[in-house]
Amino acid sequence: MDILTETLRNQLLDRKQRLNRFAPTAGDENLLSLLRQVDAALERLDEGSFGICEVCKGSIEAERLLANPLVRTCLEDLDTQEQQALERDLDLLAQVQQKLLPPRLQQFDGWEVCFDYKPFRVASGDYCDVIPGGDAINVLLGDVSGKGVAASMLVANLHGLFRTLLPDGCNLAASLARANRIFSESTIASHYATLLAMRADTEGGVVIANAGHCIPYLMTSGKLVPLSSTSLPLGVFADAKFQVSEFELKPGDALFAYTDGLSEARNALDEEYGSARLQEWLKTACGLPPEDLVKGCLADLEGFRSSTGLADDLSVLLLKRR
Ligand SMILES: [Zn+2]
């Protein structure tokens, strides 16, 4: 017997035991019906028809069976009622994710942060947060590998982690190392997250750590400076260390960050938007207020993509010293 089947059989036997404890005495029709469904699933396991879709006779998705061993059809053959329930769940997931995002435009002591965030599907694997801590603000932009529901769950995990670790104002590199250790232990091996963490203080000082994320740009006196030093993404090695760089931003200077949904976007000719085009555009936009710069950047991307839709989650962020 393979491991999946064995796991599922144990799950089902465990459910049966628990149901048996309550259902017969409670006389509850719902519980009794569940008990019958569990028995039927165990029978399907015994006769070898478990995991086969009852409509198309194809295989049922393994991750759905693990989440609920009682399912009897593949995703494509869900009946309308089940499909509606799934859609409601996804809507709720998207709402929860929206609630975790900070306001799109915020002002702090001497700083302005503006971002835009577009999920590719219902839920996004991009992570964005703005967390005040001591006399500084922490601005975070990241990208969890993969897309969709699993990636969005890891994004929620990052929100919780950094909202717990950062506000006490301790050293950024140490906070990242701690977050990385916890994230590594709670993440499946195939998943990791790139992250750009910036801590800006009231005097104009900025500390930046880049964990494998797209290179941000410093916009200063009409010039564009790529900030290229980076460490490993979160979730790759539990013991990883994180380098930080420190800068001083003058009033009017800004830091521009984005996810690869911007730089790797493609048009109908299969050309990449790319960092060269991004840099050209940013040079023309240095003087713009943050909101106009973020909007303008997305408009330039849209002009480039033309009729081609998004293929990835997309986020763009500007941190500007006032
Ligand atoms: Zn099917």
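**Figure 1. Cys53 and its partners around the zinc ion.** In this predicted model, Cys53 is buried, with a relative accessible area of 0%. The SG atom of Cys53 is one of the donors to the zinc ion, along with SG of Cys56, SG of Cys74 and an OD atom of Asp77, at 2.0 to 2.3 Å. The angles among these 4 donor atoms run from 104 to 118°, and the site is tetrahedral. For comparison, the ideal angle for four tetrahedral donors is 109.5 degrees. If you're hunting for the donors in the sequence, look for the spacing C-x2-C-x17-C-x2-D. Cys53 and Asp77 sit 24 residues apart and link distant parts of the chain: Cys53 is in the loop between helix H2 (29–47) and helix H3 (62–67), while Asp77 is in the loop between H3 and helix H4 (80–100). Is Asp77 buried, exposed or partly exposed? At 23% relative accessibility, Asp77 counts as partly exposed.

**Figure 2. Helix H2, end to end.** Here's a quick check you can do with a ruler tool. H2 has 19 residues, and at 1.5 Å a residue they should span 27 Å; the C-alpha atoms at the two ends are 27 Å apart, so the two values agree. Which residues of H2 are buried? They are Leu35, Val38, Ala41, Leu42, Arg44 and Leu45. When you look at that list, keep in mind that an α-helix has 3.6 residues a turn, so residues three or four places apart point the same way. Just after H2 comes Gly48, with a positive phi of about 85°.

**Figure 3. Gln97 and its surroundings.** Gln97 is found in helix H4, and at 9% relative accessibility this glutamine counts as buried. What does the side chain of Gln97 reach? It gets to the backbone nitrogen of Ser124, at 2.7 Å. Setting aside neighbours within four places in sequence, Gln97 is in contact with Tyr117, Ala123, Ser124, Ser152 and Val155.

**Figure 4. Strand E2 and its two partners.** Strand E2 covers residues 111–118, and 7 of its 8 residues are buried, so E2 is largely enclosed by the rest of the structure. One partner is strand E1 (residues 105–108), which pairs with E2 in the antiparallel sense over 4 bridges. To find your place in this pairing, look for Gln106, which stands opposite Val113 in E2. E1 and E2 make a hairpin with 2 residues between the strands, where Gly110 takes a positive phi near 80°. Another partner is strand E11 (residues 314–321): 8 bridges join E11 to E2, and the two run antiparallel. Here a handy landmark is Asp116, whose bridge partner in E11 is Val316.

**Figure 5. Strand E7, covered on both faces.** In a regular strand the side chains alternate between the two faces of the sheet. Strand E7 (residues 217–220) has Tyr217 and Met219 on one side and Leu218 and Thr220 on the other, and all of them are buried. E7 pairs with strand E8 (residues 223–226) in the antiparallel sense, over 4 bridges, and Tyr217 has Pro226 of E8 as its bridge partner. The two strands form a hairpin with 2 residues between them, and Ser221 in the turn has a positive phi of about 40°. E7 is also joined to strand E10 (residues 254–258), by 3 bridges and again antiparallel. In that pairing, Leu218 has Leu255 of E10 as its bridge partner.

**Figure 6. Two loop residues with positive phi.** Neither residue in this view is a glycine. Asp270 has a positive phi of about 65° and lies in the loop between helix H7 (260–263) and helix H8 (274–284). With a relative accessible area of 52%, Asp270 is exposed. Where does Ser306 lie? Look in the loop between helix H9 (290–305) and E11. Phi of Ser306 is near 55°, and this serine is exposed too, with a relative accessible area of 56%.

**Figure 7. Stepping back to the whole chain.** The secondary structure comes to 9 helices and 11 strands. The C-alpha atoms fill a box of roughly 75 × 45 × 35 Å along the principal axes. Of the 322 residues in the chain, 46% are buried. Among contacts with a separation of 6 or more, 65% are between residues 24 or more positions apart.

Methods
Residues are numbered from 1 along each chain as its sequence is written. This is a predicted model: local features need pLDDT of at least 70, side-chain atom pairs count only at pLDDT 80 or more; totals for chains, interfaces and linings use all residues. Side-chain values use heavy atoms; hydrogens and water are left out. Donors are N, O and S atoms within 2.8 Å of the metal (3.2 Å for Na, K and Ca); water is not among the atoms, so sites may look incomplete. Four donors count as tetrahedral if all angles lie between 85 and 135 degrees; four count as square planar and six as octahedral if opposite donors are over 155 degrees apart and all others between 65 and 115; anything else is irregular. Buried means under 20% relative accessible area, exposed over 50%, partly exposed in between (1.4 Å probe, protein chains only). Two strands pair if DSSP finds at least two bridges between them. The expected span of a helix is 1.5 Å times one less than its number of residues. A polar contact is a pair of N or O atoms within 3.5 Å; within protein, one must be able to donate a hydrogen and the other to accept it, and residues adjacent in sequence count only if both atoms are side-chain atoms. Contact means heavy atoms within 4.5 Å.
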